[in-house]
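Please examine the structure shown here, with attention to its pockets and its cysteines.

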Amino acid sequence: MQSIETRVVQIDPSQPSLEILQQASNVLQAGGLVVIPTETVYGLAANALNSTAVERIYQAKGRPSNNPLIVHVCSIGHAKEFVDHWPANAQKLAESFWPGPLTMVLKSNGLVSSLVTAGGDSIAIRLPSHPVARALIQVSNLPLAAPSANTSGCVSPTSASHVVKDLQGKVEMILDAGSCELGIESTVVDVRDENIQILRPGSVTSSMISEVLRCKVNQPDSLVVPNTAMVSPGMLEKHYAPRTLAIWIETDFWQIAGEMKTKGLQIGVLAMEKTPGALCLGKDPVEYARKLYGALHALDDMGLDRILVIAPPDLPEWFAVRDRLRRATVRL
Ligand code: TXA
Ligand code: MG
């Protein structure tokens, strides 16, 4: 792929410059790619109505074309423009959680590029709360297809520097508004019929959705088939994963770490509590989520042999964080 010039532009989230938004909007209108800050992670945005532009997202990420993209909109009315049917449950969830980290899967009316929906008849839609993302959608007056702004399978970016090291030369513009507030991707929920199904856990939990809809919400106990170090690397469920081999540690941390050090391996550790030599992300799941991808990027950049991840507790409030960590790690 030919390298293009990437402009990294700082933008103040509390007062986004109209001039910069207009420049980003011009890039999008012309079929270009703009990396945008959102409250979850940075997104790699293109005009969802333009197939040539959307195709460039897949190329820049190396993403398989059968994995559909989320469409970002600026209002409930804007969301309705792209669906065949707006169920009462969608209205209730939008009123409760939009703008914010909730993506709803609905029936598409076929208006966005079929590449966005990977040829399927459903569409995933989200109204982000980040002021820069919202303002850009408004100024450009476009629905923006935007996956996380990282090479497919790698750790999502929560700061512009994460994006620069990964996608420089592949996008026209990166809007740098500092670090993302929530740090993990939005909850994805299928609301097409009465069988409400969580497809990806996130900051909006199944019990929060259940409370609003006053019905049962389906969420598999564990969303991930555990990776094992035994299977061939090509078979690993590699998602949100650092390049360094990361290992999920439920028990016997000291013993395992000791054995690795004896073998001369350089190890990094991700912990909840202060542990010598470890990056400590704390015991609060919200704070842990905010810092998680930054910590994985930092550990990955250290050229270590192994990253040991001390598993957070198996409690509902840790569900989304555990989901991401399980996908980033293998089990011994
Ligand atoms: O927080 C987020 O959702 C971020 C920011 C940028 O908005 N975006 C993000 O996009 O995480 P991505 O592409 O990395 O993840 C989108 C997820 C994927 O798991 C994809 O399979 C699923 O949403 N998805 C997209 N469209 C879908 C559809 N029509 N039906 C079911 N799942 C869908
Ligand atoms: Mg992603």
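The questions and answers below concern a predicted model.

Q: Which element gives the largest share of the lining of the largest pocket?
A: The largest pocket holds about 900 Å³ of space. Its lining comprises 41 residues, and those closest to the centre are Arg 63, Asn 67, Pro 68, Arg 200 and Tyr 240. Two or more lining residues come from each of β4, β6, β9, β10 and α10. The largest share, four residues, belongs to β6.

Q: How many charged residues are in the lining of the largest pocket?
A: The lining of the largest pocket can be divided by class into nonpolar, polar and charged residues. The nonpolar class has 16 residues and the polar class 15, while the charged residues number ten.

Q: Which elements give two or more residues to the lining of the second largest pocket?
A: About 400 Å³ of space lies in the second largest pocket. Among its 20 lining residues, Gly 202, Ser 203, Thr 205, Pro 316 and Glu 317 lie nearest the centre. By class, 13 of the lining residues are nonpolar, six polar and one charged. The elements that each supply two or more residues are α7 (206–213), α9 (285–300) and α10.

Q: Why does Cys 180 form no bond with the closest cysteine sulfur, and how far away is that sulfur?
A: A disulfide requires two cysteine sulfur atoms within 2.5 Å, and the whole structure contains zero disulfides. For Cys 180, the closest cysteine sulfur is that of Cys 154, which is too far away for a bond because the distance is 17 Å.

Q: Is Cys 180 buried or exposed?
A: A residue counts as buried under 20% relative accessible area. Cys 215, at 25%, is therefore partly exposed. Cys 180 has a relative accessibility of 4%, so Cys 180 is buried.

Notes:
Residues are numbered from 1 along each chain as its sequence is written. Chains are lettered from A and ligands numbered from 1 in the order in which they are written. This is a predicted model: local features need pLDDT of at least 70, side-chain atom pairs count only at pLDDT 80 or more; totals for chains, interfaces and linings use all residues. Side-chain values use heavy atoms; hydrogens and water are left out. On a 1 Å grid over the protein atoms alone, a cavity is a set of points where a 1.4 Å probe fits but cannot get out, and a pocket is an open set with protein on both sides within 12 Å along at least five of seven lines; lining residues have an atom within 4 Å of a point. Grid points are joined across faces, edges and corners, and a volume is the space filled by probe spheres set on the points. Ala, Val, Leu, Ile, Met, Phe, Trp, Tyr, Cys and Pro count as nonpolar, Asp, Glu, Lys and Arg as charged, and the others, Gly among them, as polar. Buried means under 20% relative accessible area, exposed over 50%, partly exposed in between (1.4 Å probe, protein chains only).
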